[in-house]
Amino acid sequence: MRVLVAEDSATTRVLLVSHLREWDYTVVEAKDGEQAWQAFQEQPFSLVLTDWIMPNVDGLELIRRIRKSKHSGYSYLILLTAKTDKEDLVTAMDCGADDFLVKPCDPEELRVRLREGKRIIQLEQKLAKQNQRLRETQAALVESEKLASLGQLAAGMAHEINNPIAFVTNNLAVLRRDLGDLLQLVEAYSETRIYLDHAPSELLQRLARIEEDCDFNWLRDHLPKLMESSTDGLKRVRDIISNLRDFARLDRAAADRLNLSSAIESTLQVLQHVVDEKQIRLQSELDPQASVQCRPDKIQQVIYSIVLNAIQASEPGATVEIRLSQAKEAAVIEVQDYGCGMDSQTQSRIFEPFFTTKPVGTGTGLGLAVSFAVVRDHGGKLTVKSQLGQGTTVRVELPDTNNSGT
């Protein structure tokens, strides 16, 4: 465990450091509060030993700054002081100190106080992990409910839309079949016009007016194409519904073999409106044979979240790359964007449930947290590499239990 020692007395500092290193602590030294604060900002410490009276920034001010900092873990702060008045000690504890030692410190008492601090920190870390797992479980339940609702919506849409689509498609098929005969009939009638010289002039004028108004030549040339494009449009609607059903995995068992290439393709279809809206260029290299034994609905959820994040992080007109490959024992999915990227502080929190950098109302902060938990539960790994202003790459490794024999 790393310990930060802030002490302006070189003799006392050397003595403290020698004891700490003898007890297998990793120690960073600071000769005053300002230097200690700089070291803490660079990398927070779980244990801090600080003298009270120091130049520039004293021990109380250092404790205040540490307590106001936003680092995620808890720091156990021990104040070293020659003051023994009750009022002074109350003041020190009110500032946020966890414990105090009267100088000069007895080595055995110091060791016991540090051991107690270490125990409290470990309990706090254990509690934080349990709380993290609880929040991940809660987030997973929320996402599962959302996915279940999407599945119900997809089922309802498929039922309600496929029926009229089938009706219209059948009617178009009949019209396309009979349209050719109808056009031939009209053309045959038009050939008889040379024999209608003795017909009433009103009838001839009416025929000429109807032919001009309906633009028969244009209809004859374009009606078949219009019927064909209408049929193609209906087919596209049916494909969208089919992809939505594939995305929701309505007919899949809890565990099944998932073709990852098909899963990515169906996810991209679901996200097509977002891609079109931002004019994103998608570049994909997908191994069509890559597949794993998994919970298809959960892995589909992971793919959706990662690709959506990449699109949302990209500027309009940017490129998002999606790669899928399979080694002997694992499949690998990589999604790379060239968007805003993340600094180290943001990266350290991306797997925290409900943490988001998106504007209020546009993100729940659940996507990566749930994705991390899902991949972990499948025995895989989800890693993120990002650089501010240069983009982000998310890598998902999914073991293939059937091939690995586990």
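At the start of helix 2, which backbone nitrogen does a side-chain oxygen of Asp32 reach? That of Glu34, with the oxygen coming to within 3.1 Å of the nitrogen. This counts as a polar contact (a pair of N or O atoms within 3.5 Å; within protein, one must be able to donate a hydrogen and the other to accept it, and residues adjacent in sequence count only if both atoms are side-chain atoms).

Before we go on, a word on what you're looking at. This is a predicted model, where local features need pLDDT of at least 70 and side-chain atom pairs count only at pLDDT 80 or more, while totals for chains, interfaces and linings use all residues. Residues are numbered from 1 along each chain as its sequence is written, and side-chain values use heavy atoms, with hydrogens and water left out.

Let's stay with helix 2, which covers residues 33-42. Helices here are DSSP runs of H or I with at least four residues, strands are runs of E with at least two, and both are numbered from the N terminus. Gly33, Ala36, Trp37, Ala39 and Phe40 of this helix are buried, meaning under 20% relative accessible area (exposed is over 50%, partly exposed in between, with a 1.4 Å probe and protein chains only). Look down the helix axis and these buried residues fall within an arc of 165°, so they line one face of helix 2; the arc is taken from the directions from the axis to the C-beta atoms. They pack against strand 1 (2-6), strand 2 (26-30), strand 3 (47-51) and helix 3 (59-68), with contact meaning heavy atoms within 4.5 Å.

Now for the loops. Most residues other than glycine have a negative phi, and most peptide bonds are trans. Asn56, in the loop between strand 3 and helix 3, has a positive phi near 65°, and this residue is exposed at 69% relative accessible area. Gln279 has a positive phi too, near 55°; you'll find Gln279 between helix 9 (272-278) and strand 7 (281-286), exposed at 59% relative accessibility. As for peptide bonds, the one joining Lys103 and Pro104 is cis, with omega about -5°. Pro104 sits in the loop between strand 5 (99-102) and helix 5 (107-191).

Last stop: a helix pair. Among the residues of helix 10 (296-313) that meet helix 12 are Lys298, Ile299 and Val302. On the helix 12 side (367-377), the partners include Gly367, Leu368 and Val374.

Key:
Axes fitted to C-alpha atoms, helices over the stretch in contact; angles between N-to-C directions.
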